[in-house]
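Look at the sequence and the 3D structure below. Then read on for a short tour of selected residues and of the chain around them.

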Amino acid sequence: MIWALVPAAGSGRRFGGDVPKQYLHAAGKPLIGHALEALLAHPQMDGAVVALAADDPHWPGWTTLHGKPVVTCVGGLERADSVLAALHALPENVAHDALLLVHDAARPNVRGGDLSTLIAAANAQRDGAILAAPVRDTLKASDADHRIEATVPRAGLWRALTPQAFRRDLLQRALQAAQAAGVTVTDEAMAVERLGLHPVLVEGREDNLKVTTPADLALVEFLLARAA
């Protein structure tokens, strides 16, 4: 059994007025709608839990997509809080060792082939796996005045994408340990790394974009329209 957890409670960076970015529209539907459709269209996925803000007026009220359940819960201020809330909201029949995929609500262009590759990698070893992309640009380190201090070697550097896939018990243990230590983790892999484990990097498509700027939204609109 494989479920998706989608943290959508944090407001994040807004550039569409009062509308959180996951509810901005592209190719006829909100970004979170594309993300959930992509996840639940995959034959190995069984359902999704979406962690929402307590006063979220934008949630369309989906309870099923592709004939699979969509469960909602109230998330928290930080991403990790929302993922923990989603973990607690999983149905009782989701086993402690079930594989879970955590996916950004504003990352609408994930493809089924990447999901299959990620699931296979996560099933093959104990530490989990994440979609990622090798860094291809030249990287510069700067001082406080934005002057270049050094060129940073890019060999071995990757950009973390989502979904990120972990067993339920490992993910919960990692997030709770970070929370107890007062550490704010920026993704699930960081929490697992703190336990001394080493999730596998699975190279994914670079057009699996997270929308954070108007330019991202325009590009995603083009990509989704072309795919349709």
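## A buried arginine and its surroundings

R107 touches A35, A160, L161, T162, N208, L209 and K210, leaving out residues up to four places away in sequence. Contact here means heavy atoms within 4.5 Å. This is a predicted model: local features need pLDDT of at least 70, side-chain atom pairs count only at pLDDT 80 or more, and totals for chains, interfaces and linings use all residues. Residues are numbered from 1 along each chain as its sequence is written, and side-chain values use heavy atoms, with hydrogens and water left out.

Where does R107 lie? It lies in the loop between β7 (99–102) and α3 (112–124). Helices (H or I, at least four residues) and strands (E, at least two) are DSSP runs, numbered from the N terminus. R107 has a relative accessibility of 7%, so it counts as buried. Buried means under 20% relative accessible area, exposed means over 50%, and partly exposed is in between (1.4 Å probe, protein chains only).

## Polar contacts

R107 and R79 both take part in polar contacts. A polar contact is a pair of N or O atoms within 3.5 Å; within protein, one must be able to donate a hydrogen and the other to accept it, and residues adjacent in sequence count only if both atoms are side-chain atoms.

| Residue | Partner | Distance |
|---|---|---|
| R107 side chain | T162 side chain | 3.3 Å |
| R107 side chain | N208 backbone oxygen | 2.8 Å |
| R79 side chain | E188 side chain | 2.7 Å |

R79 is part of helix α2 (residues 79–88). Neighbours within four places in sequence aside, R79 is in contact with P7, V102, D104, T162, T186, D187 and E188. T162 thus appears in the contact lists of R79 and R107.

## An enclosed helix and a buried leucine

A35, a contact of R107, is one of the buried residues in α1. In helix α1 (residues 31–40), 9 of the 10 residues are buried, so the helix is largely enclosed by the rest of the structure.

Is L90 buried or exposed? L90 counts as buried, at 7% relative accessibility. It lies in the loop between α2 and β7. L90 and W3 are 87 residues apart along the chain, yet their C-alpha atoms are separated by 8.5 Å. W3 is also among the contacts of L90, as are L5, V49, L100 and R168.

## Backbone details

Most residues other than glycine have a negative phi, and most peptide bonds are trans. Some places here depart from that. T162 and P163 are joined by a cis peptide bond, with omega about 10 degrees. P163 is in strand β11 (residues 158–167).

A27 has a positive phi, near 50 degrees. This residue sits in the loop between β2 (25–26) and β3 (29–30). A27 is partly exposed, at 31% relative accessibility. H66 also has a positive phi, about 55 degrees, although it is not a glycine. H66 is found in the loop between β5 (64–65) and β6 (68–74). Its relative accessible area is 48%, and it is partly exposed.

## The whole chain

Step back to the full chain. It has 6 helices and 12 strands. Of its 228 residues, 47% count as buried. Its C-alpha atoms fill a box of roughly 55 × 40 × 35 Å, taken along the principal axes. Residues 24 or more positions apart account for 69% of the contacts with a separation of 6 or more.
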